[in-house]
Amino acid sequence: GSFIRMFMVSTVLKFFVYIGILFGFLLLSTENKSVLAVHFLAYYMLFSSLEVGMLYSELARRKKVHTKG
């Protein structure tokens, strides 16, 4: 229970930090802001999916080691 809670808290905090960075970029940008926002969020989703994939494989590996021993 606590692992899931801590994972969700860290994910939400990272999301808010990234949104803050995005707003900073949007305030400083003189180019097309919608393109910047779409690219930023697309990269966020890509890296989040990679992070979840790595976490899932690590948890599966630990579960496999735990059930063997």
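The following paragraphs treat helix H2, its buried residues and the salt bridges of this predicted model.

Helix H2 comprises 36 residues, running from 33 to 68. At 1.5 Å a residue, a helix of this length should span 52 Å, and the end C-alpha atoms of H2 are indeed 52 Å apart, so the expected and computed values agree. Within H2, Ala37, Phe40, Tyr44 and Ser48 are buried. Helix H1, formed by residues 2-28, is included in what covers the buried residues of H2.

Turning to charged side chains, the structure holds 3 salt bridges. One of them joins Lys14 to Glu51, with 2.4 Å between the closest N and O atoms. This pair links distant parts of the chain, since Lys14 belongs to helix H1 and Glu51 to helix H2, 37 residues apart. Lys14 is partly exposed, with a relative accessible area of 29%, and Glu51 is likewise partly exposed, at 31%.

Within helix H2, Glu58 forms a salt bridge with Arg61, the closest N and O atoms being 2.7 Å apart. Glu58 also meets Arg62 in a salt bridge, at 3.0 Å from N to O. Why might such spacings suit pairing along a helix? An α-helix has 3.6 residues a turn, so residues three or four places apart point the same way. Glu58 and Arg61 are 3 residues apart, while Arg62 and Glu58 are 4 residues apart, a separation of about one helical turn. Glu58, Arg61 and Arg62 are thus linked in a network of salt bridges. Glu58 is partly exposed, with a relative accessible area of 28%; Arg61 is partly exposed at 45%; and Arg62, at 54%, counts as exposed because the cut-off for that class is over 50%.

Technical notes. Residues numbered from 1 in each chain as written. Predicted model: local features only at pLDDT ≥ 70, side-chain atom pairs only at ≥ 80, totals over all residues. Heavy atoms only, no water. Helix = DSSP H or I, 4+ residues; strand = E, 2+ residues; numbered from the N terminus. Expected span 1.5 Å × (residues − 1). Buried < 20%, exposed > 50% of the residue type's maximum accessible area, 1.4 Å probe, protein only. Contact = heavy atoms within 4.5 Å. Salt bridge = Lys/Arg side-chain N within 4 Å of Asp/Glu carboxyl O.
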